[in-house]
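Me: Please take a close look at one part of the structure below and set it in its surroundings. I would like a single connected account, with the cut-offs behind each term.

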Amino acid sequence: MSPPPVIVYPPDESDGRRVRVDGTILGLAYSTQDVAAFLQEAGLQGWDDLDVVRSGLIEWRGGGPEVWTH
């Protein structure tokens, strides 16, 4: 069983990035720590912000994990 697809969208006007896991928007992230928290809530236990930065499972749109402003 493969992990669910994860998409992090470009920053919006508030500099938050929508996080979608398996087709469901989980919320707005303002850092890689926020993304890790969303992924843990979605069942990917043990993930931290370094896992988020290094993972090939996450599709970053509008910039990678270092981009948090529009």
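Reply: The account below starts from helix α1 and moves outward to the strands that α1 lies across.

The model is predicted: local features are given only where pLDDT is at least 70, side-chain atom pairs count only at pLDDT 80 or more, and totals for chains, interfaces and linings use all residues. Residues are numbered from 1 along each chain as its sequence is written, and side-chain values use heavy atoms, with hydrogens and water left out.

Helix α1 comprises residues 32-41; helices (H or I, at least four residues) and strands (E, at least two) are DSSP runs, numbered from the N terminus. The helix lies across β1, β2, β3 and β4 and runs at about 150° to β3. Axes here are lines fitted to C-alpha atoms, for helices over the stretch in contact, and angles run from 0 to 180 degrees between N-to-C directions. Contact means heavy atoms within 4.5 Å.

At the N-terminal end of α1, Ser31 acts as the cap, with a side-chain oxygen 3.3 Å from the backbone nitrogen of Gln33. A polar contact is a pair of N or O atoms within 3.5 Å; within protein, one must be able to donate a hydrogen and the other to accept it, and residues adjacent in sequence count only if both atoms are side-chain atoms. Just after the helix, Gly43 adopts a positive phi of about 110°.

Which residues of α1 are buried? They are Thr32, Val35, Ala36, Phe38 and Leu39, where buried means under 20% relative accessible area, exposed over 50%, and partly exposed in between (1.4 Å probe, protein chains only). Viewed down the axis of α1, these buried residues fall within an arc of 160°, so they line one face of the helix; the arc is that of the directions from the helix axis to the C-beta atoms. An α-helix has 3.6 residues a turn, so residues three or four places apart point the same way. On the face of α1 turned away from the buried side are the exposed residues Gln33 and Glu41.

The buried residues of α1 pack against β1, β2, β3, α2 and β4. Thr32, which lies in α1, is buried at 12% relative accessibility. With neighbours within four places in sequence left aside, Thr32 contacts Asp49, Val52, Val53, Pro65 and Trp68.

The largest nonpolar core has 15 residues; such a core is a set of buried Ala, Val, Leu, Ile, Met, Phe, Trp, Tyr and Cys residues joined through side-chain atoms within 4.5 Å. Those with the most contacts inside it are Val19, Val35, Leu39, Val52, Ile58 and Trp60. At least two residues of this core come from each of β1, β2, α1 and β4, and the largest share, four residues, is that of α1. Leu39 is one of the contacts of Ile58, alongside Val6, Val8, Trp47 and Val52, when neighbours within four places in sequence are left aside. In soluble globular proteins, nonpolar side chains tend to be buried together.

The sheet beneath this discussion is open and has four strands in the order β3-β2-β1-β4, with mixed pairing; two strands pair if DSSP finds at least two bridges between them. At the edges stand β3 and β4, each with a single partner strand, so one side of each is left without a neighbour in the sheet. From one strand to the next, the twist averages 20°.

Strands β1 and β2 run antiparallel and are joined by three bridges. Val6 has Val21 of β2 as its bridge partner, and Ile7 has Arg20 of β2. The covered face of β2 carries Arg17, Val19 and Val21, and the uncovered face carries Arg18 and Arg20. Five bridges pair β2 with β3 in the antiparallel sense, and Arg18 stands opposite Leu28 in β3. The hairpin of β2 and β3 has two residues between the strands; Asp22 there takes a positive phi near 55°. Asp22 counts as exposed, at 54% relative accessibility.

Ser55 sits in the loop between α2 (49-54) and β4 (58-60) and is buried, with a relative accessible area of 16%. A polar atom of the Ser55 side chain lies 2.9 Å from the backbone nitrogen of Leu57.
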